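Hello,

Here is the structure I promised to pass on. My notes follow below it.

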Amino acid sequence: MGIYLDNAATSYPKPEAVANAVYDFMVNNGTSSGRGSYKKAMQSDYIIYECRKLIGKLFNFDDPKRVVFTSNITDSLNIAMRGILKENDHVITSSLEHNAVWRCLKTLEKERNIKIDTVECTEDGITNPEDLRKYIREDTALIVFTQASNVLGTIQPIREIGKIARENNITFLVDAAQSAGAMDIDVQRDNIDILAFTGHKSLMGPMGTGGLVINTDIYITPQKAGGTGGDSAYEYQPDYYPNHLEAGTSNVSGIAGLREAVKFLNKEGIEKIHNREKELTEYALRKLQTVKDIEIYGPKDTDKMLSVISFNIKDKRPEDVGAILDQKYDIMLRAGLHCAPTAHEIIGTKQRGTLRIGIGYFNKKEDIDKLVDALNNL
Ligand SMILES: Cc1ncc(COP(=O)(O)O)c(C=O)c1O
């Protein structure tokens with residue numbers, strides 16, 4: 001099966017119950033949700049409703065209708081940013097954004113003349129929330145921050161940033177791609193107005209699932225209009241949630257898998273998962289440091305990061321190392337910019353990129369040992 005260390009891209013393997021739920025839905029139900037009133041269609045509705053409820057609860061949010069499903073977090077972030085930002089608006093973001101945020105903002109800069117300020121951070125990706133204050137302006141409409149960098153793993157001070165956003169009445173959008181399922185998130189405690197998540201990373205669900213938790217009354221202009229299964233004579237997208245931001249047939253099979261994934265997370269407990277991944281990351285940092293000519297980026301402190309480690313081997317191209325690890329040792333990790341070019345400006349690897357491991361709940365210490373042995377043999 002090989003050694004999979006690319007969980008920051010997508011988690012693998014998934015809990016067996018997740019795959020079984022997708023299969024079971026496709027074989028034994030297979031009906032659309034919100035479109036019919038026969039028994040099977042009602043079961044479909046229930047799967048989606050229960051998943052909204054479970055996702056909401058996971059993030060301490062008690063209005064399932066405002067848990068909106070999308071196809072992934074890229075979709076979620078585009079819906080939120082495009083739905084909120086208007087002509088000439090100002091937005092503040094971090095220096096570590098994934099292209100899911102960054103490209104969308106740069107596109108809106110062209111399309112709507114929005115103004116973007118990025119908050120500086122240290123070489124380890126640590127942001128001082130107080131640095132944000134100097135960028136706040138009358139016309140600041142949005143603060144958008146990734147909760148954990150997908151290049152350095154660094155956790156951002158979301159609660160403090162959210163507090164500053166609240167004090168200034170600015171909507172706060174959080175990219176929880178790397179953090180959802182990997183650490184405790186509470187949209188109330190953490191002052192998050194809109195939480196964007198993807199189903200297939202640490203939430204352990206299927207690809208093609210994601211969403212938004214809308215903990216705010218701000219109007220989000222829908223980017224899509226279409227069938228919702230109800231009020232069909234009304235000619236516009238309904239204003240009520242979740243239909244306001246959901247048009248077209250839902251991915252019920254994927255959501256059936258995501259529902260089982262959240263049940264699995266609840267059964268294991270986020271704290272246990274977090275601690276397990278932390279232990280493995282600590283182990284990996286310690287072992288990797290013994291590799292000759294290695295340069296490890298980021299905080300190297302598991303209190304400040306999630307289970308993502310970027311590194312390089314002196315005088316070697318990350319792509320070449322990645323290819324050898326794959327071909328000779330069957331070790332899967334990622335080489336390159338990881339869709340987050342600005343993070344590489346911070347660590348000086350924009351031209352070269354890095355090798356990145358993403359440690360998951362199902363990895364073992366032996367996986368790290370095998371990686372370190374292979375790196376030593378290079
Ligand atoms: C921080 C961050 N944001 C956004 C994304 C995009 O995720 P998806 O491809 O599921 O939309 C990723 C995935 O790599 C990520 O790590």
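**Helix α1 and its surroundings**

Val22 touches Pro206, Ser253 and Gly257, leaving aside residues up to four places away in sequence. Please keep in mind that this is a predicted model. Val22 sits in helix α1. Its C-alpha atom is 47 Å from that of Arg137, and the two residues are 115 apart along the chain.

Helix α1 covers residues 16-28, and Val27 is in it. On the surface, Val27 joins Tyr23 and Met26 in a nonpolar patch. Together the three have about 370 Å² of accessible area.

**Backbone points to check**

Most residues other than glycine have a negative phi, and most peptide bonds are trans. Three places here depart from that pattern.

- Tyr12 and Pro13 are joined by a cis peptide bond, with omega about -5°. Pro13 lies in the loop between β1 (3-4) and α1.
- Tyr241 and Pro242 are also joined by a cis peptide bond. Omega is about 0° there. Pro242 belongs to the loop between β8 and α6.
- Asn60 is not a glycine, yet its phi is positive, about 55°. Look for Asn60 in the loop between α2 and β2.

**Salt bridges**

How many salt bridges does the count come to? The total is 29. Side chains of opposite charge can pair when their charged atoms come close. One of the bridges is between the side chains of Asp217 and Arg66, at 3.8 Å from N to O. This pair links distant parts of the chain, with the two positions 151 residues apart. Asp217 is in the loop between β8 (210-214) and α6 (252-268). Arg66 is in the loop between α2 (39-58) and β2 (67-70).

Two of these loops have come up already. The β8 to α6 loop holds Asp217 and Pro242. The α2 to β2 loop holds Arg66 and Asn60.

**Cavities**

The count comes to 2 cavities of 30 Å³ or more.

What lines the largest cavity? The residues are Ala182, His274, Glu277, Lys278, Thr281, Thr302, Met305, Leu306 and Ser307. By class, that lining has 3 nonpolar, 4 polar and 2 charged residues. The volume of the largest cavity is about 50 Å³.

The second largest cavity has a volume of about 30 Å³. Its lining is made up of Ile79, Pro222, Gln223, Lys224, His244, Leu245 and Glu246. These divide into 3 nonpolar, 2 polar and 2 charged residues.

**Where to start**

For a first look, go to Val22 and its contacts with Pro206, Ser253 and Gly257. Then turn to the bridge between Asp217 and Arg66. The cis bonds at Tyr12 and Pro13 and at Tyr241 and Pro242 can come next.

Best wishes

Conventions: Residues numbered from 1 in each chain as written. Predicted model: local features only at pLDDT ≥ 70, side-chain atom pairs only at ≥ 80, totals over all residues. Heavy atoms only, no water. 1 Å grid on protein atoms, 1.4 Å probe; cavity = no way out; pocket = protein on both sides within 12 Å on 5 of 7 lines; lining within 4 Å. Points joined across faces, edges and corners; volume = space filled by probe spheres on them. Nonpolar A, V, L, I, M, F, W, Y, C, P; charged D, E, K, R; others polar. Patch = residues over 30% accessible without salt bridge, like charges linked within 9 Å, V, L, I, M, F, W, Y side chains within 5 Å. Areas by Shrake-Rupley, 256 points an atom, 1.4 Å probe, with all protein chains shown as cover. Salt bridge = Lys/Arg side-chain N within 4 Å of Asp/Glu carboxyl O. Helix = DSSP H or I, 4+ residues; strand = E, 2+ residues; numbered from the N terminus. Contact = heavy atoms within 4.5 Å.
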